[in-house]
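Colleague: I would like to go through this model with you step by step, from one residue outwards to the whole chain. Could you give the reasoning behind each answer before the answer itself?

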Amino acid sequence: MMDAGWYLRRLSRMGPREMVGRAATASRIRRWRGLLDSPAASDWLPERRFTAVLPDEVMAAVPDDAGARLIATADRLMDGHADYFGVTRDDLVSPDWSFDPRTGRRAPSDVYAFDIPYRDEHAVGDIKQLWEPSRHQHLTVLAAAYALTGDDRYAYRVADHLKSWWAANPPLRGVHWVSGIELGIRLLSWVWVRRLLDRWPGARGLFEDNPEALHQIRHHQRWLAAFPSRGSSANNHVIAEAAGQLAAACSFPWFPESARRRVEAMRLLDDQLQHNTFESGLNRELATEYHGLVLELGLAAAVEADAAGVAVPDSTWLVLLRMTDALAAIVDNQLQPPRQGDGDDGHGLVVDGDGTHRWASLLATGGALFGRSAWWPSGGNGDARTPLLAALAGPHPLPAVRPERRPAHFADAGATILRVPQRDAGGEIWCRCDGGPHGFLSIAAHAHADALSVEVRHDGVDVLADPGTFCYHGDPEWRSYFRSTLGHNTLELDGEDQSGSGGPFLWTRHTRSRVLVGHADPDGVSRWRAEHDGYGRRGRPVVHRRSVELDSAARELRVTDEVISTRRHRGRLAFHLGPRITADLGGARALLRWKHRGQYRTAVLELPAELAWAAHRGDVDPPLGWYSAGFGRREPVVSLVGRGFVGGGAGAMSTLLRFGS
């Protein structure tokens with residue numbers, strides 16, 4: 001539970017308009033309590049059809065490998081097995097939608113939704129473990145397996161789960177009616193379940209002729225219209241809300257208000273996509289996984305509207321095009337993007353099996369809709385989603401000026417990608433430098449205190465790694481570590497984070513960074529320099545300035561750190577290695593080794609001799625030396641931390657990372 005101090009800090013980050021809106025929301029919550037026992041309305045339209053169907057031949061366009069992965073995942077689901085955030089569930093033949101297998105707790109299911117302290121793990125369990133299966137993305141996988149094979153087993157299991165969920169979660173009761181992002185994604189899943197089951201004889205009886213389904217769909221849409229994310233919370237959540245509302249209003253136009261909902265949702269989606277996206281195409285939250293989530297949701301919603309004959313503004317398509325080009329620009333040679341900021345493995349639309357390359361799939365969809373630029377990277381293992389979305393919307397060329405060559409510096413986002421292309425036996429060297437804003441909006445909910453951090457990969461292998469996220473609720477010490485300054489490849493001063501935290505999704509003081517130089521030369525020497533003022537306090541200016549040089553010929557990366565201050569500060573400079581890297585530290589020199597594609601690779605890390613260096617791995621009190629490959633998962637890694645006094649006229653510190661041939 002959040003204490004009174006948190007509420008005061010949260011209130012301090014709101015403007016007057018948001019405060020008025022939240023007061024109106026609180027009043028509506030009190031009024032809606034009276035709807036709990038009201039009879040279900042049945043004033044839906046008499047003529048109800050589902051018309052946004054897929055072409056007959058579309059499933060034949062799914063690549064064989066993608067189809068095999070889809071069926072393998074669907075069969076595992078049929079056996080009751082699925083993995084959510086590091087927890088394997090074996091109870092999905094007939095799930096308890098309110099049970100959290102990680103903590104063993106069961107959330108109340110017959111309580112007014114807004115009375116439930118859903119952030120309190122002692123009261124409800126791990127809310128992410130509850131919400132994720134109820135996004136019903138496992139049902140879109142089963143429905144896709146039915147569409148691919150015609151096997152009725154998959155369709156009957158989908159119907160059983162939907163009926164079970166609807167019965168267990170009547171409107172406004174339980175934890176699944178608390179968060180708009182969950183309702184929005186669930187609506188999008190239901191649209192695709194209906195579409196993929198269209199040839200199943202029971203589809204119409206499950207949806208348009210089913211009063212319970214109509215009741216649920218309508219209440220989801222009413223909820224989203226009544227309780228929108230607003231103000232400092234209008235981040236990826238509002239995109240999910242608008243996308244789900246738009247998709248349902250287009251494909252389930254079965255209610256008197258459906259036309260109005262379409263117009264409102266299309267306008268909201270268009271406005272918020274622009275609001276949430278830099279002109280360069282990167283997502284303003286500066287959390288890469290949310291770039292992917294917003295892009296998936298935006299593409300799915302725009303395609304849905306286009307298929308329904310709803311006019312999608314060019315501005316919507318242009319934002320999605322810029323986001324796709326930006327993604328193509330920032331990925332490494334294995335098509336993996338940066339690990340910047342928060343990430344919770346969230347997806348907008350899932351119709352593929354486990355093992356599908358998420359980012360390659362997004363680029364494939366973007367390529368099908370907008371066309372591939374000549375500089376786009378190639379690769380990927382094929383997916384099912386791309387041919388399905390493309391069949392609904394078709395190519396969508398735009399009168400836009402696209403980059404003629406691969407962008408490296410995104411000035412508005414403060415992000416720079418330096419790289420040495422793969423040549424002969426030497427793999428690509430990829431380096432992300434962070435000199436951007438501290439997240440998005442006044443609370444910067446998904447930001448980390450990672451100003452001037454670097455992330456370095458060799459042939460797609462994390463060498464100097466961003467730690468990831470691991471958790472949101474329930475483990476405050478671990479939440480703090482994974483988004484701390486010490487947890488990133490940058491410099492901490494006086495034991496403090498660069499930005500000030502007021503809670504797990506709340507930053508009350510934001511570091512200001514600026515990029516001074518951003519020059520990428522893949523065939524020569526690439527240079528980046530930036531600084532931030534996060535350690536200036538009480539009128540005493542303190543600046544951390546960092547320079548990075550990547551020399552293509554020498555295959556080495558030099559990082560130079562300088563603290564500009566009249567005082568001396570206790571400094572901790574951290575370099576966190578990826579999970580595949582071992583390190584032999586001697587003094588201020590570390591030999592790094594890892595195995596990749598059957599060969600051992602090496603690099604030498606020469607560290608500043610001015611600091612005293614120590615290796616940490618898997619420390620827990622306090623946490624240090626950890627890496628999270630995905631939400632809910634963590635593993636120990638080697639973190640090299642140098643301690644000493646910096647600033648006060650001391651010179652710059654130099655770190656050199658030299659890769660072997």
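Colleague: In which helix is the place of Leu 224?

Modeller: This is a predicted model, and that should be kept in mind for everything that follows. Within it, the helix that holds Leu 224 is α10.

Colleague: Is Leu 224 buried or exposed?

Modeller: Leaving aside residues up to four places away in sequence, Leu 224 touches Gly 180, Leu 183, Gly 184, Leu 187, Glu 241 and Gln 245. Its relative accessible area is 6%, and a residue counts as buried under 20%. Leu 224 is therefore buried.

Colleague: How many of the 16 residues of α10 are buried?

Modeller: The buried residues of α10 include Trp 223 and Leu 224, and also His 215, Arg 218, His 219 and His 220. They pack against α2 (16-32), α7 (152-168), α8 (180-196), α9 (203-206), α11 and α12. The helix is mostly covered, and the number of its residues that are buried is twelve.

Colleague: What distance separates the C-alpha atoms of Leu 224 and Met 653?

Modeller: Along the chain, Leu 224 and Met 653 are 429 residues apart. In space, the separation of their C-alpha atoms is 52 Å.

Colleague: How far apart are the end C-alpha atoms of α12, and why should one expect a value of that order?

Modeller: Helix α12 runs over residues 258-275, which makes 18 residues. At 1.5 Å a residue these should span 26 Å, so the model agrees with the expectation, its end C-alpha atoms being apart by 25 Å.

Colleague: Which helices are included in what covers the buried residues of α12?

Modeller: The residues to be covered are Ser 258, Arg 261, Ala 265, Met 266, Leu 269, Asp 270, Gln 272 and Leu 273, the buried residues of α12. What covers them includes α10 (211-226), α11 (236-251), α13 (288-307) and α14 (314-330).

Colleague: Which residues does the cis peptide bond with omega of about 0 degrees join?

Modeller: Most peptide bonds are trans, so a cis bond deserves a separate look. The proline concerned is found in the loop between β20 (619-620) and β21 (623-624). The cis bond joins Asp 621 and Pro 622.

Colleague: Phe 85 and Asp 345 each have a positive phi; how do they count in terms of accessibility, as buried, partly exposed or exposed?

Modeller: Most residues other than glycine have a negative phi. Phe 85, in the loop between β1 (82-84) and β2 (87-89), has a phi of about 55 degrees, while Asp 345, in the loop between α14 and α15 (358-370), has a phi near 60 degrees. With a relative accessibility of 9%, Phe 85 counts as buried, whereas Asp 345, at 22%, counts as partly exposed.

Colleague: What is the radius of gyration of the protein chain, and why does it agree with a compact globule?

Modeller: The chain has 17 helices and 25 strands, and its C-alpha atoms fill a box of roughly 80 × 55 × 45 Å along the principal axes. For 661 residues, a compact globule would have a radius of gyration near 26 Å, so the chain agrees with that expectation at 25 Å.

Colleague: Finally, what percentage of the residues of the protein chain count as buried?

Modeller: The accessible surface comes to about 24,700 Å², with 50% of it belonging to carbon and sulfur atoms. Among contacts between residues at least 6 apart in sequence, 71% join residues at least 24 apart. Of the 661 residues, the share that count as buried is 59%.

Definitions and conventions. Residues numbered from 1 in each chain as written. Predicted model: local features only at pLDDT ≥ 70, side-chain atom pairs only at ≥ 80, totals over all residues. Heavy atoms only, no water. Helix = DSSP H or I, 4+ residues; strand = E, 2+ residues; numbered from the N terminus. Rg over C-alpha atoms; globule rule 2.2 N^0.38 Å. Buried < 20%, exposed > 50% of the residue type's maximum accessible area, 1.4 Å probe, protein only. Contact = heavy atoms within 4.5 Å. Areas by Shrake-Rupley, 256 points an atom, 1.4 Å probe, with all protein chains shown as cover. Expected span 1.5 Å × (residues − 1).
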